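Student: Could you take me on a close look at one part of this model, the small open sheet and what lies around it? I would like one connected walk through it.

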Amino acid sequence: MCTRRCCRCCTWIDGRRWPILAPCLVVVPAHCVHGFHYATDTDGTVITAAQRPLEALLDALAPALRQQVLQPAVLPVDREGRHAEALVALGRDVERVVLS
């Protein structure tokens, strides 16, 4: 998840260029060729999840979201929306666990 607004960031997924405007989630499904270019002041968290367990989890908890992890996408997150705070907290928690 990219959390700092930046217009000089982008990703390439299977040959398609996607601009990254924070806050957002970048979805890169399994087996997609991808790369990123970030400005030096970019801040965010990278979470890698195995495709099949993630799909199984979504099937059980949020079936409507399953299609979201099967297609490459850059998904904007509304800063004022109910998910933004939870996603930022998740990123902080992941960083804390990784760095401890």
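Tutor: Happy to; here is a walk from the sheet through its strands and loops to the pocket.

A word on the ground rules: this is a predicted model, in which local features need pLDDT of at least 70 and side-chain atom pairs count only at pLDDT 80 or more, while totals for chains, interfaces and linings use all residues. Residues are numbered from 1 along each chain as its sequence is written, and side-chain values use heavy atoms, with hydrogens and water left out.

Let's start with the sheet itself. It is an open sheet of 3 strands in the order 2-1-4, with antiparallel pairing. Helices (H or I, at least four residues) and strands (E, at least two) are DSSP runs, numbered from the N terminus, and two strands pair if DSSP finds at least two bridges between them. The edges are formed by strand 2 (16–19) and strand 4 (34–37), each of which pairs on one side only. On average, neighbouring strands of this sheet are turned by 20° against each other, direction ignored; the axes behind this angle are lines fitted to C-alpha atoms, for helices over the stretch in contact, and angles run from 0 to 180 degrees between N-to-C directions.

Now follow strand 1, residues 10–13, which is joined to strand 4 by 4 bridges in an antiparallel run. Antiparallel too is the run of strand 1 with strand 2, where 4 bridges join them. Cys10 is a handy landmark: it stands opposite Pro19 in strand 2 and opposite His37 in strand 4. Further along, Trp12 stands opposite Gly35 in strand 4.

The turn from strand 1 to strand 2 deserves a pause. This hairpin has 2 residues between the strands, and Asp14 takes a positive phi near 50° there. Asp14 has that positive phi although it is not a glycine. With 48% relative accessibility, Asp14 counts as partly exposed; on this scale, buried means under 20% relative accessible area, exposed over 50%, and partly exposed in between (1.4 Å probe, protein chains only).

Past the hairpin, strand 2 brings us to a charge and a ring. Arg16 lies over the face of Trp18, at 3.8 Å from the ring centre; a charge sits over a ring if NZ of Lys or CZ of Arg is within 6 Å of the ring centre and within 35 degrees of the ring normal.

Next come two loops with backbone features of their own. In the loop between strand 2 and strand 3 you will find Pro23, and the peptide bond from Ala22 to Pro23 is cis, with omega near -5°. The loop between strand 3 and strand 4 holds His31. His31 is not a glycine, yet has a positive phi of about 70°, and at 83% relative accessibility it counts as exposed.

That loop leads into strand 4, where His37 has its place. His37 is partly exposed, with a relative accessible area of 42%. For a sense of scale, His37 and Leu70 are 33 residues apart in sequence and 23 Å apart in space, C-alpha to C-alpha.

Aromatic rings come next. A search of the whole structure finds 1 aromatic pair. The rings of Phe36 and Tyr38 have centres 5.6 Å apart and planes at 5°, so this pair is stacked. Rings of Phe, Tyr and Trp (its six-membered ring) pair if their centres lie within 6.5 Å, and planes under 30 degrees apart count as stacked, over 60 as edge-to-face and the rest as tilted. Phe36 is partly exposed at 36% relative accessibility, and Tyr38 is partly exposed with a relative accessible area of 38%.

Finally, strand 4 takes us to the largest pocket. Among the elements that give two or more residues to its lining are strand 3 (24–27), strand 4 and helix 2 (82–99). Helix 1 gives the most to that lining, with 5 residues. In total 38 residues line the largest pocket, and Leu25, Val26, Val27, Ile47 and Val69 lie nearest its centre.

How values were computed. 1 Å grid on protein atoms, 1.4 Å probe; cavity = no way out; pocket = protein on both sides within 12 Å on 5 of 7 lines; lining within 4 Å.
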